[in-house]
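Here is a friendly walk through some aromatic contacts, strand pairings and surface features. Have the coordinates open as you read along.

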Amino acid sequence: MMKKFYKTLSLTAAILLILTSGGFAQERTISGTVNDENGSSMPGVNVLLKGSSTGTATDTAGKFKISVLNDQSVLVFSFVGYSTTEIVVGSRSDFNVQLSPDVATLSELVVTGYGVQKRSSLVSSISSVTSKEISALPVPSMEQALQGRAAGVIVTNSGSPGTTPIVRVRGVNSVLYSSNPMYVVDGIVEVGNFNLFNSRDIESIEVLKDANSAAIFGSRASAGVILVTTKKGSRDGFHVNIDSYVGYQKAWKTLDLLKRDQYISYGNALLGNAGAGLPPRFSTMNDPIYAGSSQTFAQTETDWQKEMFRNALISQTDVSISGGNEKSRFFLSGGYFKQDGIMIGTSYDRYTLRANSDHRIHKNVLIGQTLMIGAGSQVSEQSPGGRTQIQNMMRMTPYIPILNPTNVGGYGGPTGADASDPQNPVRAALQDLGQNDNVRILGTIFLEVDVLKNLKFRSNVGVDYNSGRSYVYNPIYFEGFTGRDKANISDSRSGFFSPIFTNQLTFDKSFGQHSLNALVAIEYQTWDYSGTNVAGKTLSFTAQELTGLDNQSFTANKNERALYSYIG
């Protein structure tokens with residue numbers, strides 16, 4: 001949530017300062033129904049809280065529910081082929097909204113896989129998001145940019161920096177492929193892992209929702225298709241753009257857990273009513289919590305949520321250069337994104353570079369290319385004891401100190417008398433390490449020839465390459481009830497390579513009020529994946545490398561698949 005949002009534009013430079021806050025005393029839920037010009041209910045209408053990423057979509061009956069901040073909040077209703085409508089919430093809690101067709105947009109051309117079609121022939125089967133909408137909010141990923149902006153598309157964020165959001169276009173299915181939609185970027189099919197993709201480089205996104213619009217991709221499109229087109233530059237001169245923002249995030253709300261004295265009172269009542277004997281620390285307020293510890297039960301109170309959550313910085317800087325004329329155009333960009341998680345022990349850093357261009361070398365011949373290089377590093381949330389950190393925060397008793405110098409590793413933890421079995425979340429966040437590093441290269445080269453007046457040939461070659469490393473280090477520790485007598489070290493490497501070759505012929509001709517668009521194509525794509533993992537244990541308190549480990553293990557795997565397609 002944002003408390004302050006300050007934006008300054010100077011020429012083509014933009015600097016945003018974002019401050020977030022946690023007060024939402026007036027937040028309430030409103031509901032309503034959306035109808036078309038004929039009074040029929042409209043499912044899949046995008047409902048967005050203006051100036052935020054909060055959004056929803058109407059259900060099959062055209063109904064919606066959404067939380068608003070106050071009476072001054074503005075709801076934005078949008079649907080493909082209809083004019084966008086904005087409504088101030090005011091004091092009402094129930095709305096009946098009617099949308100009107102937008103005649104102008106029905107003549108626009110949208111990408112539909114291997115070609116383009118008029119929006120008027122597609123209407124609700126495709127949702128489009130423009131570059132202006134994508135860059136309206138400071139979000140790190142393409143999927144988050146879709147949230148609340150594409151009708152019928154549901155995006156769920158985990159909140160952890162660098163973690164891919166869950167996207168659902170056509171619900172949950174189990175036929176052949178997963179419930180995740182298929183992504184196509186500049187002609188490269190089945191692209192994944194958009195964490196290394198700079199959303200500021202995107203020109204437009206089209207979401208193919210129904211079976212008719214996505215049929216050209218076959219069974220792979222059973223969960224919907226998301227088409228991404230990146231920026232190619234303009235033909236009206238030279239442009240330089242700098243886009244930067246800095247802000248911080250915080251947990252706006254925490255769980256209402258028992259304080260120390262409340263917990264002790266509850267524990268006494270619980271054990272007393274059960275006829276169980278009270279542990280020493282419950283029977284006296286002066287016994288040390290741990291043998292040898294100078295901290296007493298009465299002196300210690302730990303707010304585990306306060307210790308785990310923090311004000312976290314988030315920043316992004318992008319610089320782009322674009323330009324061109326009637327024959328050539330180009331787009332170059334470089335960006336850096338950094339996000340510290342609101343939970344200690346989590347973060348994400350990303351560097352991106354893009355170079356796109358196209359050139360008309362003859363009146364009937366166009367050549368071009370796209371190239372994206374990205375590198376990212378994620379420090380992920382730990383799950384000590386097989387639980388999330390939130391679960392450990394909830395279960396940790398409030399009289400246990402964070403630190404205990406008498407324990408191996410120096411951290412406190414519960415004993416068998418605490419009636420709970422969590423692990424110290426602060427220890428796991430600061431001592432255990434799970435780091436994922438990735439390098440991504442995504443590029444295409446194409447040749448387009450106007451064979452005849454209405455007949456066009458296009459040949460496209462694309463490559464998707466990814467190299468990754470996942471490193472895990474879990475040191476020796478003992479908390480009083482749980483521990484690790486040997487340090488665990490694991491190093492996993494992975495490689496992915498997918499080339500794609502596409503040749504297509506397109507015939508496009510208009511006959512008065514009618515038009516004919518025919519396409520035939522041949523496509524060949526392969527996917528090669530390989531991975532290795534080396535792991536071991538050590539009695540050392542300092543060793544973090546694989547050399548000299550005990551109980552070493554090595555595993556490797558490799559798989560390949562190919563798809564040869566005839567498309568029409």
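## A partly exposed isoleucine and its surroundings

In this predicted model, I441 has a relative accessibility of 32%, so I441 counts as partly exposed. This isoleucine sits in strand β24. I441 also belongs to a nonpolar surface patch of about 520 Å², made together with L353, L371, I373, V439, Y465 and F497. Two elements give two or more residues to that patch: β23 (365–379) and β24 (433–450).

## Aromatic rings

How many aromatic pairs does the count come to? The count comes to 9 aromatic pairs. Y263 and Y399 make one edge-to-face pair, with 6.0 Å from centre to centre and 65° between the planes. These two tyrosines connect distant parts of the chain, 136 residues apart: Y263 is in helix α4 (residues 260–273), while Y399 is in the loop between α7 (389–395) and α8 (425–431). Are these tyrosines buried or exposed? Y263 counts as buried because its relative accessibility is 18%, and the cut-off for buried is under 20%. Y399 is buried too, with a relative accessible area of 0%.

Y564 and Y566 have ring centres 5.2 Å apart and planes at 75°, so this pair is edge-to-face as well. Here Y564 is partly exposed at 49% relative accessibility, whereas Y566 is exposed, with a relative accessible area of 63%.

Elsewhere, ring pairs link Y183, F194 and F197 into a cluster.

Arginines over ring faces are also worth a look:

| Arginine | Ring | Distance to ring centre |
|---|---|---|
| R427 | Y477 | 3.6 Å |
| R458 | F446 | 4.0 Å |

## Strands β20, β21 and β22

Now to the strands. Strand β20 (residues 312–324) pairs with strand β21 (residues 328–340) in the antiparallel sense, over 11 bridges. If you want a residue to start from, V319 has G334 in β21 as its bridge partner. The connection between β20 and β21 is a hairpin through 3 residues.

Strand β21 also runs antiparallel to strand β22 (residues 347–362), and 13 bridges join them. Among the residues involved, K338 has D349 in β22 as its bridge partner. Which residue in the turn between β21 and β22 has a positive phi? That residue is G345, with a phi of about 85°, and the hairpin formed by β21 and β22 has 6 residues between the strands.

Definitions and conventions. Residues are numbered from 1 along each chain as its sequence is written. This is a predicted model: local features need pLDDT of at least 70, side-chain atom pairs count only at pLDDT 80 or more; totals for chains, interfaces and linings use all residues. Side-chain values use heavy atoms; hydrogens and water are left out. Patches are made of residues with over 30% relative accessible area and no salt bridge: like charges are joined within 9 Å, nonpolar side chains (Val, Leu, Ile, Met, Phe, Trp, Tyr) within 5 Å. Accessible areas come from the Shrake-Rupley method with a 1.4 Å probe; for residues, only the protein chains shown count as cover. A salt bridge is a side-chain nitrogen of Lys or Arg within 4 Å of a carboxyl oxygen of Asp or Glu. Helices (H or I, at least four residues) and strands (E, at least two) are DSSP runs, numbered from the N terminus. Buried means under 20% relative accessible area, exposed over 50%, partly exposed in between (1.4 Å probe, protein chains only). Rings of Phe, Tyr and Trp (its six-membered ring) pair if their centres lie within 6.5 Å; planes under 30 degrees apart count as stacked, over 60 as edge-to-face and the rest as tilted. A charge sits over a ring if NZ of Lys or CZ of Arg is within 6 Å of the ring centre and within 35 degrees of the ring normal. Two strands pair if DSSP finds at least two bridges between them.
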